[in-house]
Amino acid sequence: AMATPDGSSRSSSSAQWRHRGSFHASSEGAPRAKLLLSPNWLLWLGAGCSATANSLGVQSVYSLTIACLFLVVWALVGVTAKQLIKVGISALVELYFREYMVIG
């Protein structure tokens, strides 16, 4: 046990004692979210907002702009670089073999 500045004793393995006074970027003490939402909800919100705006008489250009904003936010939040590369490589391989089969 190690004595703290206020006179009480704590064990040396206490995470609170080791990191007192220093920057600690761990998420050990961070509150956990009770409800985790998928970024795919942004697509549904975009479609819903666009359809609602269109039914309320908003011009089509503006209602589509609303949907595009949700789509852009979804792309920035929900799509990783790994997913983009995987889809790109898959499309290139598919294109190559499709052309190969057509040419013979």
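**Surface, fold and aromatic contacts of the predicted model**

The accessible surface of the protein comes to about 9,000 Å², and carbon and sulfur atoms account for 66% of that area. The structure described here is a predicted model. Of the 104 residues of the protein, 7% count as buried.

Four helices and two strands make up the secondary structure of the protein. Along the sequence these elements follow the pattern β-β-α-α-α-α. With respect to contacts between residues at least 6 apart in sequence, 28% join residues that are at least 24 apart.

The relation between helices α2 and α3 is described through individual residues. Helix α2 spans residues 41–55 and includes S50, while helix α3 spans residues 60–78 and includes S63. S50 counts as buried because its relative accessibility is 11%, below the cut-off of 20%. S63 has a relative accessible area of 2% and is therefore buried as well. When neighbours within four places in sequence are set aside, S50 is in contact with S63, L64, I66 and A67. Under the corresponding exclusion of residues up to four places away, S63 touches S50, A53, N54 and V58. The contact between S50 and S63 thus appears in both lists.

Two further residues, Y62 and W41, were examined in the same helices. Y62 is placed in helix α3. With a relative accessible area of 52%, Y62 is exposed, whereas S63 is buried at 2%. Y62 and S50 are twelve residues apart along the chain, and their C-alpha atoms are separated by 8.4 Å. W41 is placed in helix α2. The relative accessibility of W41 is 51%, so this residue counts as exposed, the cut-off for that class being over 50%. W41 and W74 are 33 residues apart in sequence, with a C-alpha to C-alpha distance of 8.5 Å.

The cysteines were considered next. A search of the whole structure finds zero disulfides. C49 counts as partly exposed, at 33% relative accessibility. C68 also counts as partly exposed, at 44% relative accessibility. Both values fall between the limits of 20% and 50% that bound this class.

A nonpolar patch of about 790 Å² is present on the surface. The residues that make this patch are I85, I89, V93, Y96, F97, Y100 and M101. F97 lies in helix α4, which covers residues 81–103. Y96 and Y100 both lie in helix α4 too, four residues apart, or about one turn of the helix.

Aromatic pairing was examined for these rings. The count comes to two aromatic pairs. One of them is formed by Y96 and F97, with 5.1 Å centre to centre and 75 degrees between the planes, an edge-to-face arrangement. The rings of Y96 and Y100 have their centres 6.3 Å apart and their planes at 20 degrees, so this pair is stacked. The angle of 20 degrees lies under the 30 degrees that limit stacked pairs, and the centre distance of 6.3 Å is within the 6.5 Å required for pairing. Y96 takes part in the pair with F97 and in the pair with Y100. Through these ring pairs Y96, F97 and Y100 are linked into a cluster.

The three residues of the cluster were also classed by accessibility. Y96 is exposed, with a relative accessible area of 52%. F97 is partly exposed, its relative accessible area being 47%. Y100 likewise counts as partly exposed, at 47% relative accessibility. The value for Y96 is over the 50% needed for the exposed class, whereas the values for F97 and Y100 are not, and these two residues are therefore classed as partly exposed. Y96, F97 and Y100 also belong to the nonpolar patch, for which a residue needs over 30% relative accessible area.

Definitions and conventions. Residues numbered from 1 in each chain as written. Predicted model: local features only at pLDDT ≥ 70, side-chain atom pairs only at ≥ 80, totals over all residues. Heavy atoms only, no water. Disulfide = S-S within 2.5 Å. Buried < 20%, exposed > 50% of the residue type's maximum accessible area, 1.4 Å probe, protein only. Patch = residues over 30% accessible without salt bridge, like charges linked within 9 Å, V, L, I, M, F, W, Y side chains within 5 Å. Areas by Shrake-Rupley, 256 points an atom, 1.4 Å probe, with all protein chains shown as cover. Salt bridge = Lys/Arg side-chain N within 4 Å of Asp/Glu carboxyl O. Phe/Tyr/Trp six-rings, centres within 6.5 Å; stacked < 30°, edge-to-face > 60°. Contact = heavy atoms within 4.5 Å.
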